[in-house]
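Colleague: I would like to learn how to read a model of this kind, one feature at a time. Could you take me through it, giving the general idea and then the case at hand?

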Amino acid sequence: KYRFRAGVAPGRVWGARATSVRTLGDMARKAEPLGREGAHSERVVLLAPTTKQDDKEEMLLLKSKLSEKEYNAQVAGGTIIAFLMHKDRSECSLQPSIYDAAIVMPQVARSAGWPTSLWALSLRSFFLLIANFCLQIFILYMIVQEEEVMDKFAGQMNLCNFGALIESCPHGPNCIGPGGTNYKDAGRVYDYNSWVTRNFVRDSLKQLFPDKADIIHASIDPGEYGLENYWVRFVCVFVFMMSVMSDLRSTMDMAYIFYSVPTEEGMWVEYCVPTWASKEKVKEFQEKSELDFVRFKIAGMPRPWKIFNVVAVIIPKLWIWKTTAQNGVMFLMETAGIEDVIVNVTALTFILNLDEMLFANFSHRASHHILEMLEPYSSELEEEAEAKEQQSNDDAFLTLQRDRTFNFVDLNLFPFRLLLNVVVTAIFVAEYYYGHCMLSESGGLISKPMSLPNSQVYPLLSFVFYPFVGSEAQEQSYWSMPPAG
């Protein structure tokens with residue numbers, strides 16, 4: 001580390017074209033003459049490397065310019081930087097849920113020597129894990145059954161971008177509805193059930209009064225099926241993906257823990273009594289109970305348990321995440337009404353919260369306590385953590401001063417989770433358009449021709465292995481885009 005002194009010198013102008021570096025040998029500033037004579041300018045002079053004494057003098061100089069309150073506030077800021085700024089990348093934890101309980105309870109029981117009570121709690125966690133899988137998979141399967149089978153037998157086509165940006169009608173790219181007529185304005189836009197009912201009434205009257213069919217057709221306007229608002233659908237999909245990405249983050253934390261912890265029989269539970277006083281005095285002065293001396297932490301895990309947890313927890317959880325995100329986006333993209341799409345966001349998020357609901361309602365209180373008291377796992381070395389704990393106020397103050405240099409490549413400036421949420425949302429929305437829609441002659445996105453499925457029950461293999469295994473459909477289409485009229 002070098003110190004620099006700025007001086008004023010007549011004659012040639014020296015431009016401080018400095019390069020920011022980190023190593024001792026490279027840390028220097030280069031001064032180049034810009035070629036203009038007769039001016040005064042700052043000149044950068046390279047001095048000897050700084051020492052701890054130099055740092056102390058600099059700190060005392062800066063400290064003398066501050067009031068006590070300002071100094072305390074900057075000490076607090078330095079402490080925040082030292083302890084909290086890296087937690088987002090170095091620390092992860094397990095949450096009170098069925099998935100996490102199925103991981104933690106067997107390790108606590110193993111660490112304690114497999115007593116009967118803890119063994120039973122572990123088995124109970126696995127039973128609830130299986131029940132959670134069954135509930136989540138059943139609900140997701142019913143959503144797919146509705147979208148891929150029941151809606152098709154009801155004659156519904158894919159929504160795609162029918163009626164999108166209706167303010168551009170009658171000349172916009174999405175102004176022709178599935179009935180073949182122009183939307184013209186928002187007064188002719190209906191949800192599918194209303195549109196089908198209005199068409200049914202008109203067609204019924206034409207059947208009852210065939211001699212007046214032309215008059216009835218000209219007098220009764222059923223409108224068109226289309227979007228009430230183009231943008232609210234994307235906003236709701238983005239909000240839905242936020243909850244989905246939160247679940248993915250917890251899964252990645254699990255995987256990171258399995259990867260990072262030692263492959264050994266570590267102790268996930270310890271009995272820790274302070275050595276500075278007897279246990280009775282600690283209980284008396286700090287109002288502690290026996291349970292307060294029990295410490296739960298994430299430790300080493302034997303290889304068979306790592307493999308079992310990956311197969312039984314991580315892989316099914318990732319599949320449920322992918323299926324929920326995929327079919328949830330499809331469900332929202334197929335919702336035409338503003339109120340309906342907002343309500344459906346709330347309805348879909350509960351699928352991924354089922355594990356927490358089951359844990360809250362059916363798990364033993366002992367499991368609740370263990371998951372709540374389980375210490376987060378940190379990749380930070382013990383030596384680094386101890387060094388932080390021993391830092392003085394002046395160390396924290398210097399940490400804040402070193403942090404004052406603004407750096408455009410600082411990773412804390414970029415909301416990577418937000419960017420990831422946008423990218424994943426775009427991927428699933430693009431997948432919906434690719435699988436369900438096609439370009440019209442006017443440049444809009446309309447539904448592909450629709451055919452009835454061969455079975456009234458959606459194939460289970462297609463549900464599990466989509467998109468690698470598809471469902472069979474009849475060759476003849478029950479709907480295709482009619483010519484504009």
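Modeller: Let us begin in a loop, with a proline: Pro170 sits in the loop between H5 and strand S6 (189-190), and the peptide bond that joins Cys169 to Pro170 is cis, with omega about 15°. Please keep in mind throughout that this is a predicted model.

Colleague: Which residue comes before Pro467, and in what form is the peptide bond between them?

Modeller: Tyr466 comes before Pro467, and the bond from Tyr466 to Pro467 is cis, with omega near 10°. Pro467 is placed in the loop between H17 and strand S14 (473-479).

Colleague: What else in the backbone of the loop between H5 and S6 deserves attention, starting with the phi of Leu165?

Modeller: One looks for a positive phi in a residue that is not a glycine, and Leu165, in the loop between H5 and S6, has a phi near 50°. Lys184, which is also placed in the loop between H5 and S6, has a positive phi of about 65°. As for their surroundings, Leu165 is partly exposed because its relative accessible area is 31%, whereas Lys184, at 54%, is exposed.

Colleague: How much confidence does the predictor place in the chain, and what is the average pLDDT?

Modeller: The average pLDDT over the chain is 82, and 82% of the residues score at least 70. Residues 1-50, however, have a pLDDT below 50, although this stretch makes 81 contacts in the model beyond near neighbours in sequence. Where pLDDT is low, the predicted coordinates should not be read in detail.

Colleague: How would you describe the chain as a whole, and how many helices and strands are there?

Modeller: The chain has 17 helices and 14 strands, and of its 485 residues 37% count as buried. To see how the fold brings distant parts of the sequence together, one can take the contacts between residues at least 6 apart in sequence, and of these 76% join residues at least 24 apart.

Colleague: Where does Trp195 lie, and is it buried or exposed?

Modeller: Trp195 lies in helix H6 (residues 192-208), and its relative accessibility is 10%, so it counts as buried, the cut-off being under 20%. One of its partners shows the link across the sequence: Trp195 and Gly223 are 28 residues apart in sequence, yet their C-alpha atoms are 6.6 Å apart in space. With neighbours within four places in sequence set aside, the contacts of Trp195 include Met157, Pro178, Tyr190, Pro222 and Tyr225.

Colleague: What about Gln74: which helix holds it, and which residues does it touch?

Modeller: Gln74 belongs to helix H2 (residues 68-84), and it counts as buried because its relative accessibility is 16%. Setting aside neighbours within four places in sequence, Gln74 is in contact with Leu66 and also with Ala396, Phe397, Leu400, Gln401 and Arg404.

Colleague: How should I read the aromatic rings, and how many aromatic pairs are found?

Modeller: The distance between ring centres and the angle between ring planes are what to look at, and a search of the whole structure finds 16 aromatic pairs. In the pair formed by Tyr230 and Trp231 the centres are 4.9 Å apart and the planes stand at 80°, so the arrangement is edge-to-face. Tyr230 is buried, at 17% relative accessibility, while Trp231 is exposed, at 54%. Elsewhere, ring pairs join Trp114, Phe126, Trp305 and Phe308 into a cluster.

Colleague: Which charged residues lie over the faces of Phe234 and Tyr99?

Modeller: Arg233 lies over the face of Phe234, at 5.7 Å from the ring centre, and Lys317 lies over the face of Tyr99, at 5.0 Å from the ring centre.

Colleague: Finally, how many cavities of 30 Å³ or more does the search find, and what lines the largest cavity?

Modeller: The search of the whole structure finds 1 cavity of 30 Å³ or more, and the space in the largest cavity is about 210 Å³. It is lined by 17 residues, of which Glu148, Gln326, Asn327, Met330 and Tyr466 are the closest to its centre. The elements that each give two or more residues to this lining are helix H5 (116-153), helix H10 (303-333), helix H16 (416-436) and helix H17 (460-465), and H10 gives the most, with 7 residues.

Definitions and conventions:
Residues numbered from 1 in each chain as written. Predicted model: local features only at pLDDT ≥ 70, side-chain atom pairs only at ≥ 80, totals over all residues. Heavy atoms only, no water. Phe/Tyr/Trp six-rings, centres within 6.5 Å; stacked < 30°, edge-to-face > 60°. Buried < 20%, exposed > 50% of the residue type's maximum accessible area, 1.4 Å probe, protein only. Lys NZ or Arg CZ within 6 Å of the ring centre and 35° of its normal. Helix = DSSP H or I, 4+ residues; strand = E, 2+ residues; numbered from the N terminus. Contact = heavy atoms within 4.5 Å. pLDDT = per-residue confidence, 0-100. 1 Å grid on protein atoms, 1.4 Å probe; cavity = no way out; pocket = protein on both sides within 12 Å on 5 of 7 lines; lining within 4 Å. Points joined across faces, edges and corners; volume = space filled by probe spheres on them.
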